[in-house]
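Student: Please take a close look at a single part of this structure. Then work outward from there and tell me how that part sits in the whole.

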Amino acid sequence: MPLSDSAPHGGRCVIFTAWCQGDPSTAYEAPQGDDLILCADGGYALAAQAGAVPAAVIGDFDSAQPPGTGTVIFHPVVKDDTDTMLCVKYAWDRGWRSFLIIGGLGGRMDHTLANLQTMLYIANRGGQAVLSDGHTRLQMLKNQAVTLPRTGGKLSVFAFGGPCQGVSIRGTKYQLENAVLTPDFPLGMGNDFTADHAEISVKDGALLVVCDLQAP
């Protein structure tokens with residue numbers, strides 16, 4: 001299913017997946033009144049825990065019963081898109097370009113990898129992709145920069161899908177300046193904040209930024 005060229009919406013789409021290792025209320029950072037809330041399949045249970053009311057619940061419901069109320073969009077089990085990707089495309093076609101995915105880490109490894117690829121799918125098309133499960137926050141940077149507030153945990157960066165050129169990291173124990181990172185060597189693993197904020201940028205490529213929200 002191709003994406004449309006709808007005019008970008010200024011708000012954020014929050015997608016609740018069906019699995020969250022941490023607290024979905026913590027993962028749902030900075031709730032905003034104009035958030036578009038979507039639930040991938042059984043993710044409506046997590047949305048309820050976070051006090052979020054979905055605009056639509058989308059999926060094939062092969063592992064969860066559909067909710068009895070609200071807007072439910074059914075898809076066949078045999079399809080190319082994951083339920084989370086269905087939510088992304090639903091929002092994208094309506095103009096949303098900023099996405100916060102709740103959960104989606106841990107549990108089945110294939111689901112985790114699929115969600116990381118979904119983040120890259122968004123970033124490659126000029127969107128903003130963040131995923132959080134309340135323990136860990138991930139952000140996919142594509143030819144851009146981000147400033148992250150200090151947390152109690154580790155900070156790591158990984159080249160994703162290909163080499164990353166011009167990677168700079170400041171405000172951390174191990175700093176980089178205009179470096180090259182490749183997907184076959186985890187040089188950016190296990191950094192520490194040394195300032196109130198860390199500045200991370202990549203000039204060319206997709207960089208996955210992984211931030212532990214608290215010390216292990």
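Tutor: D60 is buried, because its relative accessible area is 11% and the cut-off for buried is under 20%. Keep in mind that this is a predicted model. The partner of D60 is K79, and the two side chains form a salt bridge with N and O 2.5 Å apart. D60 sits in the loop between β3 and β4 (72–74), while K79 sits in the loop between β4 and α3 (83–92). The two are 19 residues apart, so the pair links distant parts of the chain. K79 has a relative accessible area of 26%, which makes it partly exposed. Thus one end of this bridge is buried and the other is partly exposed.

The pair does not stand alone. D60, K79 and D83 are linked in a network of salt bridges. D83 leads us into helix α3, where it is among the buried residues.

Take α3 next. Of its 10 residues, 9 are buried, so the rest of the structure largely encloses this helix. The buried set is D83, T84, M85, L86, C87, V88, K89, A91 and W92. Charged residues are in that set too: D83 and K89 are both listed. What do these buried residues pack against? Three of the partners are the strands β1 (9–16), β2 and β3. The other two are strand β5 (96–102) and helix α4 (109–124). A general point about helices helps when you view α3 on screen. An α-helix has 3.6 residues a turn, so residues three or four places apart point the same way.

Strand β3 deserves its own look. It covers residues 56–59, and I58 lies within it. I58 is at 1% relative accessibility, so it counts as buried. Leave aside residues up to four places away in sequence, and I58 touches ten others. L38, C39, A40 and D41 are among them. I73 and H75 are also touched. The remaining contacts are D83, L86, C87 and Y90. D83 therefore turns up twice: it touches I58, and it belongs to the network with D60 and K79. L86 and C87 are contacts of I58 as well as buried residues of α3. For a sense of distance, consider I58 and G190. They are 132 residues apart in sequence, and their C-alpha atoms are 36 Å apart in space.

Now to the other salt bridges. The whole structure has 9. One of them joins E29 and R137, with N and O 3.2 Å apart. E29 lies in the loop between α1 (24–27) and β2 (36–40), and R137 in strand β7 (residues 136–142), so the bridge ties together parts that are 108 residues apart in sequence. E29 is partly exposed at 26% relative accessibility. R137 is buried at 18%. Another bridge pairs R170 with E199, whose closest N and O atoms are 3.8 Å apart. This pair too links distant parts of the chain, 29 residues apart: R170 is in strand β10 (residues 164–170) and E199 in strand β12 (residues 197–201). Both ends are partly exposed, R170 at 33% and E199 at 40%.

Two backbone details lie in loops. A30 has a phi near 50°, a positive value in a residue other than glycine. The loop between α1 and β2 holds A30, and A30 is exposed, with a relative accessible area of 53%. N143 also has a positive phi, near 55°, and is not a glycine. N143 belongs to the loop between β7 and β8 (145–149) and is partly exposed at 41%.

Finally, the whole chain. It holds 4 helices and 13 strands. Its radius of gyration is 17 Å, close to the 17 Å that the globule rule gives for 216 residues, so it is as compact as a globular protein of that length. The C-alpha trace spans about 50 × 35 × 30 Å along its principal axes. Buried residues make up 50% of the 216. Among contacts with a separation of 6 or more, 65% join residues 24 or more positions apart. The accessible surface is about 10,300 Å², and 54% of it belongs to carbon and sulfur atoms. There are 14 positive and 21 negative side chains, with the centres of the two sets 5 Å apart.

Notes: Residues numbered from 1 in each chain as written. Predicted model: local features only at pLDDT ≥ 70, side-chain atom pairs only at ≥ 80, totals over all residues. Heavy atoms only, no water. Buried < 20%, exposed > 50% of the residue type's maximum accessible area, 1.4 Å probe, protein only. Contact = heavy atoms within 4.5 Å. Salt bridge = Lys/Arg side-chain N within 4 Å of Asp/Glu carboxyl O. Rg over C-alpha atoms; globule rule 2.2 N^0.38 Å. Areas by Shrake-Rupley, 256 points an atom, 1.4 Å probe, with all protein chains shown as cover. Lys, Arg positive; Asp, Glu negative; His and termini not counted. Charge placed at Lys NZ, Arg CZ, Asp CG, Glu CD.
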